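Dear colleague,

Please find the structure below, with its sequence. I would be grateful if you would keep it open while reading the notes that follow.

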Amino acid sequence: MQKFITLLLLIMAGVTSYAQTIEERIKEISDHITLITLQEKELLKDQFNDIDEQLINGQIDAQEAERRKEEAARVSAQVIDRQTQALIGELQYVILEHTNEQILESNAIADTIEIHGKKLTLVMSKDERKELKSEKRTTSQLVLAYGLNNHIVDGQYQSSDLHAWRSRFTEIGITLKTRLSPNSSLLNFKYGFSLVYNNARPTDNRIFVSDGNLTTLQQSSQDLTRPARFRNFYINMPLHLEFDFSRPTYNSEGEKIIRSQRSWRVGVGGYAGVLVNSAQFLHYNEDGNRVRLAERGDFNVRPFNYGVSMYIARRDLGLYFKQDLQSLFENQSSPTNFSIGLRADLH
């Protein structure tokens, strides 16, 4: 135990000594740079005083005095730059070397450059290095969407059938995006799968009721404590042609760097899917007790759905619109489901 404590003290002393050495070296170089600058400024001040005396004595005119001052200031700046250039390079070397020693073992990538004849290892994080090269031609995204869901009846929106702000949809999915051109991010083919929950909440204490092959909205026999929730759960396959207006950048060697979702995006396409299940949830009171009833069945909902969709986004977040191209229920021409909300493509 005593040997361990002794070793620990020696390590701490070494670290402290090293830190002091670094700080002392930085201070020494900085003081030297400051001294050179102050000395040169004092010499420049004396030159300005001599020029002012010549102007007062009539030896030169105002225009000549201004010209000489500008020339003296230019020469002085060159002297300062020439005398401090090597010191500034050494200061950068000391600071960067010390910084890189602390983070070199972290999640980073190293490059070696040379400053004033000294080799220096520059450390760059993987995220920073990622920005210096084009992304892969096919990338993946996590898609999250949420918004309002409603029905169109006989080609028209019926605001009285469903609660506009309480009927909502949720979509969670994974997509792949492939650039159609290897040298541009403008045109992309986007495809994947999504889990979609469409919820409809009828107004006026009504519920969806199946009567043979027909499903309609009817008054509930119970006094509902909250609007009924009619939920349809789908697994969809969305397909979009995405126009990504992100501009390419270029690295120090002039190579084009292509990265998507840095600007506006527009996606147009559609989807097709299969119904997983349908359910209607009712809440009411019976004999003083709260009842939550889940009615499950097909409700004559079509087992497959398809439709059109589009989104307009800035970077990862945008507006999303979807509409089925067939009626919700079999053997009926209405209603047709549509949704509008926010969409996030987490790249």
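The lining of the second largest cavity comprises 3 nonpolar, 3 polar and 2 charged residues. Please note that the model is a predicted one. The residues around this second largest cavity are Tyr234, Arg302, Phe304, Asn305, Asp324, Gln326, Ser327 and Leu328, and the space inside amounts to about 50 Å³.

In total, the structure has 3 cavities of 30 Å³ or more. The largest of them encloses about 60 Å³. Its lining consists of 3 nonpolar, 6 polar and 2 charged residues, among them Val196, Tyr271, Lys322 and Phe338. Two or more lining residues come from each of the strands β6 (184–200), β15 (317–324) and β16 (336–346). Asn305 and Asp324 line the largest cavity, and both also appear in the lining of the second largest.

The aromatic rings deserve a separate look. The count of aromatic pairs is 7. In one of these, Phe208 and Phe329, the ring centres are 5.8 Å apart and the planes meet at 50 degrees, so the pair is tilted. Phe208 belongs to strand β7 (residues 206–211), whereas Phe329 lies in the loop between β15 and β16; the two are 121 residues apart, and the pair thus links distant parts of the chain. Phe208 and Phe329 are both buried. Through ring pairs, they form a cluster with Phe230 and Phe299.

Two charged side chains also lie over ring faces. Arg343 is placed over the face of Tyr311, 4.3 Å from the ring centre, and Lys69 over that of Phe48, at 5.5 Å from the ring centre.

With kind regards

Conventions:
Residues are numbered from 1 along each chain as its sequence is written. This is a predicted model: local features need pLDDT of at least 70, side-chain atom pairs count only at pLDDT 80 or more; totals for chains, interfaces and linings use all residues. Side-chain values use heavy atoms; hydrogens and water are left out. On a 1 Å grid over the protein atoms alone, a cavity is a set of points where a 1.4 Å probe fits but cannot get out, and a pocket is an open set with protein on both sides within 12 Å along at least five of seven lines; lining residues have an atom within 4 Å of a point. Grid points are joined across faces, edges and corners, and a volume is the space filled by probe spheres set on the points. Helices (H or I, at least four residues) and strands (E, at least two) are DSSP runs, numbered from the N terminus. Ala, Val, Leu, Ile, Met, Phe, Trp, Tyr, Cys and Pro count as nonpolar, Asp, Glu, Lys and Arg as charged, and the others, Gly among them, as polar. Rings of Phe, Tyr and Trp (its six-membered ring) pair if their centres lie within 6.5 Å; planes under 30 degrees apart count as stacked, over 60 as edge-to-face and the rest as tilted. Buried means under 20% relative accessible area, exposed over 50%, partly exposed in between (1.4 Å probe, protein chains only). A charge sits over a ring if NZ of Lys or CZ of Arg is within 6 Å of the ring centre and within 35 degrees of the ring normal.
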